[in-house]
Amino acid sequence: MGFFSRKSDTTPSNPEMAELGREFAIARRHGDRKTMRRIGREFSNTANGDTDAASFQHGQESYDSIPPIPHGRNRRK
């Protein structure tokens, strides 16, 4: 196992919404507004209540907990 485990103690009730939330967090980290809008529309069209919203949030938090990989001049060798 590596430094960071993607496994968590809680499992989202809707894995598809969790994956959508993870994709949203990835797009946000990379500044991809077009993808963020697309995912937002998809979420609003398919979400069915608080459980889907919680799963979407869980997906975002699971990705946001992974620190970004430094690149460029400030990288350690």
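**Exercise 1. Contacts of phenylalanine 24**

Task: Leaving aside neighbours within four places in sequence, find which residues phenylalanine 24 is in contact with.

Solution. Set aside the neighbours within four places in sequence; phenylalanine 24 is then in contact with Met36, Ile39, Phe56 and Gln60. The model is predicted. Next, check the burial of the residue. Phenylalanine 24 has 17% relative accessibility, so it counts as buried. The cut-off for buried is under 20%.

**Exercise 2. The aromatic pairs**

Task: State how many aromatic pairs the structure holds, and describe each.

Solution. A pair of aromatic rings is described by the distance of the centres and the angle of the planes.

Step 1. The count is two aromatic pairs.

Step 2. Take phenylalanine 24 and phenylalanine 56. Their centres are 5.8 Å apart, and the planes make 50°. This pair is tilted. It links distant parts of the chain: phenylalanine 24 sits in helix α1 (residues 15-30) and phenylalanine 56 in helix α3 (residues 50-64), 32 residues apart.

Step 3. Check phenylalanine 56. Its relative accessibility is 9%, so it counts as buried.

Step 4. Take phenylalanine 43 and phenylalanine 56. The centres are 4.5 Å apart and the planes lie at 35°, so this pair is tilted as well. Phenylalanine 43 belongs to helix α2 (residues 33-46), phenylalanine 56 to helix α3, and 13 residues separate them.

Step 5. Join the pairs. Phe24, Phe43 and Phe56 form one aromatic cluster.

**Exercise 3. The nonpolar core**

Task: List the residues of the largest nonpolar core, then name the helix that gives its largest share.

Solution. The core has five residues: Met17, Leu20, Phe24, Ile39 and Phe56. Three residues come from α1, the largest share. Now look at burial along that helix. In α1, the buried residues are Met17, Ala18, Leu20, Gly21, Phe24, Ala25 and Ala27. An α-helix has 3.6 residues a turn, so residues three or four places apart point the same way. The buried residues of α1 pack against α2 and α3.

**Exercise 4. Glutamine 60**

Task: Decide whether glutamine 60 is buried or exposed, and find its contacts beyond four places in sequence.

Solution. Glutamine 60 lies in helix α3. At 9% relative accessibility, it counts as buried. With neighbours within four places left aside, glutamine 60 is in contact with Gly21, Arg22, Phe24, Ala25 and Arg28. Of these, Gly21, Phe24 and Ala25 are buried residues of α1.

**Exercise 5. Geometry of helix α1**

Task: Compare the span of α1 with the expected value, then inspect what lies at its start and what follows it.

Solution.

Step 1. α1 has 16 residues. From first C-alpha to last it reaches 23 Å, close to the 22 Å expected at 1.5 Å a residue.

Step 2. Go to the start of the helix. A side-chain oxygen of asparagine 14 comes to within 3.1 Å of the backbone nitrogen of glutamate 16.

Step 3. Go past the other end. Glycine 31 follows α1, with a positive phi near 70°.

**Exercise 6. The whole chain**

Task: Summarise the secondary structure, burial, contacts and exposed area of the protein.

Solution. The protein has three helices and zero strands. From the N terminus, the order is α-α-α. Buried residues are 21% of the 77 residues. Among contacts with a separation of 6 or more, 71% join residues 24 or more positions apart. The exposed area is about 6500 Å², and carbon and sulfur atoms supply 52% of it.

How values were computed: Residues numbered from 1 in each chain as written. Predicted model: local features only at pLDDT ≥ 70, side-chain atom pairs only at ≥ 80, totals over all residues. Heavy atoms only, no water. Phe/Tyr/Trp six-rings, centres within 6.5 Å; stacked < 30°, edge-to-face > 60°. Helix = DSSP H or I, 4+ residues; strand = E, 2+ residues; numbered from the N terminus. Buried < 20%, exposed > 50% of the residue type's maximum accessible area, 1.4 Å probe, protein only. Contact = heavy atoms within 4.5 Å. Core = buried A, V, L, I, M, F, W, Y, C linked by side-chain atoms within 4.5 Å. Expected span 1.5 Å × (residues − 1). Polar contact = N/O pair within 3.5 Å; in protein donor to acceptor, adjacent residues only side chain to side chain. Areas by Shrake-Rupley, 256 points an atom, 1.4 Å probe, with all protein chains shown as cover.
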